[in-house]
Amino acid sequence: LSFAAGVPAGGIFYEHGLPALGVAPCGASRALFAASTAGCYLSAVVFAFLPESLPESRRSEAFDWSAVSPIRGLTAFCRHPKLKPTYLLCLAMLFYAISTFNSVIINYARWRWAFGPTQAGIVLGVIGVVTGVLSPVYFTVFSSSASVVKASAVFLLIGHTLAALSNCESFPLIIMACVTLALGNPWQPGT
């Protein structure tokens, strides 16, 4: 929700200000951070008093945090008999692309499509809404984790290609690029 609504709201707030509160456009960076901080505090208060939504019958037993080790997990992952070094390299590149996507798309939208803060925020909002709406379908259609990884790689490839081919005048191509990039970044649904 914060990604789908907060980023577009921040772009609009930064570019147009908030005249009702006397916040001027483009000088709103301090007010924008203050609004973001207030939103964080509000979220913390709300989540502090929300009841647990998972019924007790479905809750797991206490988790042993002393057994958690990233090195142990990585070595077990690398020892898996079906994993080849090229697959691990492709998987690492895919996760790198997904993890850097959100920070790079804003700069890319400004450079390639000449978008301002409002338009860039709306692009990320569209990506967030598409991802949130289609992720449950995505994990239903692609039933295994391997299928999800392969589909994500294909959607990211198509999305990045469309983003590279589009320019300021090709708005439908920009929307298609954003939708396919969103499909390359599915949210894992809660179980």
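This passage walks through the helices of one chain and how some of them meet.

The model described here is predicted. A good place to begin is the overall layout. The chain holds seven helices and zero strands, and reading from the N terminus the elements follow one another as α-α-α-α-α-α-α. Of the 191 residues in the chain, 25% are buried. The exposed surface of the chain comes to about 13100 Å², and carbon and sulfur atoms supply 70% of this area. It also helps to ask how far apart in sequence the touching residues are. Among contacts in the chain with a separation of 6 or more, 60% join residues that are 24 or more positions apart.

Helix α7 makes a convenient starting point for the details. Helix α7 covers residues 171–183, and helix α5 covers residues 117–141. The axes of these two helices come within 8 Å and cross at roughly 45°. An angle from 35 to 65 degrees falls outside both the roughly parallel and the roughly perpendicular ranges, and α5 and α7 are therefore oblique to each other. The crossing of α5 with α7 is right-handed. On the α5 side, the residues that meet α7 are Val 123, Ile 127, Val 130, Thr 131, Leu 134 and Tyr 138. Their partners in α7 are Cys 178, Val 179, Ala 182 and Leu 183. Sorted by class, this contact of α5 with α7 has nine nonpolar residues, one polar residue and no charged ones.

Helix α7 also meets helix α6, which spans residues 145–165. Here the axes come within 7 Å and cross at roughly 155°. Angles over 145 degrees count as roughly antiparallel, so α6 is roughly antiparallel to α7. The crossing of α6 and α7 is left-handed. From α6, the contact draws on Ser 152, Phe 155, Leu 156, Ile 158, Gly 159, His 160, Leu 162, Ala 163 and Leu 165. From α7, it draws on Leu 173, Met 176, Ala 177, Thr 180, Leu 181 and Leu 183. By class, the contact of α6 with α7 has 11 nonpolar and four polar residues, and no charged ones. Leu 183 of α7 appears in the contact with α5 and also in the contact with α6.

Helix α5 offers another meeting point, this time with residues from the beginning of the chain. Thr 118 is found in α5, while Gly 11 belongs to helix α1, residues 2–16. Although their positions lie 107 residues apart along the chain, the C-alpha atoms of Gly 11 and Thr 118 are separated by 4.3 Å. Which residues does Thr 118 touch, not counting those up to four places away in sequence? They are Gly 11, Ile 12, Glu 15 and His 16. Under the same kind of count, Gly 11 touches Pro 117 and Thr 118. Are these two residues buried or exposed? Buried means under 20% relative accessible area. Thr 118 has a relative accessibility of 11%, so it counts as buried, and Gly 11, at 8%, therefore counts as buried too.

A last feature sits in the loop between α4 (85–113) and α5, where Ala 114 lies. Ala 114 has a positive phi of about 55° although it is not a glycine. The cut-off for an exposed residue is over 50%, and Ala 114, with a relative accessible area of 56%, is therefore exposed.

Conventions: Residues are numbered from 1 along each chain as its sequence is written. This is a predicted model: local features need pLDDT of at least 70, side-chain atom pairs count only at pLDDT 80 or more; totals for chains, interfaces and linings use all residues. Side-chain values use heavy atoms; hydrogens and water are left out. Helices (H or I, at least four residues) and strands (E, at least two) are DSSP runs, numbered from the N terminus. Buried means under 20% relative accessible area, exposed over 50%, partly exposed in between (1.4 Å probe, protein chains only). Contact means heavy atoms within 4.5 Å. Accessible areas come from the Shrake-Rupley method with a 1.4 Å probe; for residues, only the protein chains shown count as cover. Axes are lines fitted to C-alpha atoms, for helices over the stretch in contact, and angles run from 0 to 180 degrees between N-to-C directions. Angles under 35 degrees count as roughly parallel, over 145 as roughly antiparallel, 65 to 115 as roughly perpendicular and the rest as oblique. A crossing is left-handed if the near helix is turned anticlockwise from the far one by less than a right angle, and right-handed if clockwise. Ala, Val, Leu, Ile, Met, Phe, Trp, Tyr, Cys and Pro count as nonpolar, Asp, Glu, Lys and Arg as charged, and the others, Gly among them, as polar.
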